[in-house]
Structure formats: structure tokens, C-alpha cells
Amino acid sequence: MTTAPSAPLADHHFPCDNCGADLRFDPKARQLTCDHCGNHQSLDGGPWGTPQIRELDFNSALRDNLPAVEMEETRVSKCPNCAAEVEFDAELHATECPFCATPVVTDTGSHRHIKPRGVLPFALDEETAREAMTDWLGGLWFAPGGLQEYARKGRKMQGIYVPYWTFDADTKSSYTGERGTIYYETRTVMRGERQQKVRVPKVRWRAARGRVARFFDDVLVLASRSLPKRFTDALEPWDLGGLEPYAPEFLAGFRAEGYAVALEDGFGEARQKMDQVIARDIRFDIGGDRQRIHQVQTDVRDVTFKHILLPVWLAAYKYRGETYRFVVNGSTGKVQGERPWSSIKIAFAILIGAIIAAGVGYGVAMNQ
């Protein structure tokens, strides 16, 4: 099935018109730049300014009935450590996994998958992303200072477009439940030897039923398994209003990971997000002071989707035998990553705390 997880991490190359070296997309200049000769190439007439990105029909995709133009085929290798799928150039036979810094040797394997429809271009360059990462590390309590310095002076971060699904759907939900109204009863209780009247809250319930409707637009679901979901979720929110129709020029100098979460599985996660919003709508519709939801039946229609790529700067460092991964939102600069701890700093803090506690105890004892 074409919707199965299969796509790799891909490179895209564009030769400079002047010297033939590879161009890269410059996030600051918003154009293609040649680092070898300084040539610039505008993207005018390319993907910029197109007002709408076309959605694809979900049911057609499940039936493996998407147009051939929406599909592509690549050859990949899988990382033996984190299972990320990496696509290589034809002349390249070994590389390092950008997600976990594990050496990867090329393998053969053909994979057919759905092409991306939209891309959010990088807005931050590597230098700015590195500054954001090292500032984040510097703000962590008990983080090893050596790791911060290693990250500041270490190898370049990887600019990677991470795959996501977005889903649109029209929903109508019927529900049954109860509406609770708070009222108060006055009771007499004993407070020691005295009687005292207190107001005790109670809830009066009555049956409720009704219908709610909501159109969901761009419910976002991570389609990668290479990075911890807690990291990527923490990079939100994403400005999906800044999406551009997919064009490989945006990927020049970067890499793009293919999706590893099947379309159908992605929609299952999207439905969970939709159901949470629908439950909130139902509670608002029931009203009152308390709400109980007994049963919900949701009719979901006109489901469409698109495969999009969102920009992430990634660093994977091996430091003192441990691997640390950090991700930076390539649009906003928000940072997440593995929380490093310095045993030396922790031990020193405990020692200082013990000294302070002993000093306070001694002062109290002397005053008694």
C-alpha cells in the first residue's frame, strides 16, 4: 500500500550557474546561495506566493488510488541504532546518522511513498540555531559546562525537514450526558463543644442530549519515529500559515526525512485530537456547573490530508560515552532535547547545602 511507512532521508542538489558547486537555500536571504563563489539565485517565478496548497483525498489514498504524480520511489538504508531511514547519493557508500550519530553503511531497498505537498522554509540559519541551543543549555541547572562548550565549538548542526501529516475533516456529533447544577444545603456540625452551621455544596443532575458540529483544519500529526515525540511536540506551535507549496529548491543544503508513520495510523492519532476538541465542545453545549458525557457518535466526512515538511535544526553529540540530542524549531528558535546532568555540579550543590544546613543548625544551637 502506498500509505505504508517507507520514505527515507533525502538530499537535494542544485548546481550553481556560475561555478557548478552546490547551491543551498539561505534562510536569511530567502534565496539560493553558492558558498563557493558567492553567486545568488532568486526563487522568483518558483514556489513563492502561491496562495493555496491542494489537499488530497484520504479515502483515495487508502485505496491506493492516488494519481501517479503524487508518488515517488527512492532507495535507502536504515540506521541500525534508531531505525531512521537515510537516502544516499549514488556515489556515497557510508555516512553518519544525523539523528543519533551512529555510522550507517548503505543498503539497497526500493520504497514508494507519497510526495510532500507543502514545506515551511527554514527561517533560522545554523549559527542562530546553535546560539539558541547553547543558550538553552546554559540555562539548565546542573548541566555539564563541558557539553555546552562542546556544543558551541562542535560540528555543524544538521538542518532537517521533518515529515508531518495534516488532516481536514467535517464532523457532526450526537451526544447524551448530564448537566450538573451546584446548590447548597445548610447543615449543623460540631466544632469542639459548639454547634456551627455550614453550607455544603451538592450537585443536581439532569439528562442532556444534543448535537455539535466542527470543521477541523490542519490537524497536525508527526510522521517521524526518528526523534522522540516529546521533543517535537514541545517545538509547537508551528506557523502553518507560512507553508509554501513543495519545491525541492527549499531543500537545497538541507535534508528531508521521509515519513515513517503510515497515513492511516496518522489519521488515528488525528482522530484522538479531534475527539478531545469535540468533548470540549460537548461540555460547553451541555452547560451548567458540571458535565457528564455518556455517549458520543461522530460522523466524519470529507477527510483530506497533505504530507508536509517542517524545519528542524538537529544536533547529536557523543559526550563522555553518552549521546545527547537537541532539536531547534527552524522557524521560531524554540529548543528541546535530552536533559544532561553534571554529577560534579550536583555533588557540589549537595555539599554546599550540607554546609549551609550545618551552619544554620550551629547558629540555632548557640542561641538556645
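The legends below describe close-up views of a predicted model.

**View 1. The largest pocket and the residues around its centre.** The largest pocket has a volume of about 580 Å³. Its lining comprises 22 residues, of which Arg24, Lys156, Gly253, Phe254 and Trp313 are the closest to the centre. By class, the lining residues are seven nonpolar, five polar and ten charged.

**View 2. Elements that contribute to the pocket lining.** Strand 2 (23-26), helix 2 (126-138) and strand 12 (158-191) are the elements that each give two or more residues to the lining of the largest pocket. Strand 2 gives the most, with four residues.

**View 3. The hairpin of strand 2 and strand 3.** Strand 2 runs antiparallel to strand 3 (residues 31-34), and four bridges join the two. Phe25 stands opposite Leu32 of strand 3. Four residues lie between the strands of this hairpin, in which Arg30 takes a positive phi near 55°.

**View 4. Pairing of strand 3 with strand 4.** Strand 3 and strand 4 are antiparallel and are joined by two bridges. Here Leu32 stands opposite Gln41 in strand 4; Leu32 also stands opposite Phe25 in the pairing with strand 2.

**View 5. The three-stranded sheet as a whole.** The sheet is open, with its strands in the order 2-3-4 and antiparallel pairing. Strand 2 and strand 4 (40-41) are at the edges with a single partner strand each, so one side of each has no neighbour in the sheet. Strand 2, an edge strand here, is also the element that gives the most to the lining of the largest pocket.

Notes
Residues are numbered from 1 along each chain as its sequence is written. This is a predicted model: local features need pLDDT of at least 70, side-chain atom pairs count only at pLDDT 80 or more; totals for chains, interfaces and linings use all residues. Side-chain values use heavy atoms; hydrogens and water are left out. On a 1 Å grid over the protein atoms alone, a cavity is a set of points where a 1.4 Å probe fits but cannot get out, and a pocket is an open set with protein on both sides within 12 Å along at least five of seven lines; lining residues have an atom within 4 Å of a point. Grid points are joined across faces, edges and corners, and a volume is the space filled by probe spheres set on the points. Ala, Val, Leu, Ile, Met, Phe, Trp, Tyr, Cys and Pro count as nonpolar, Asp, Glu, Lys and Arg as charged, and the others, Gly among them, as polar. Two strands pair if DSSP finds at least two bridges between them.
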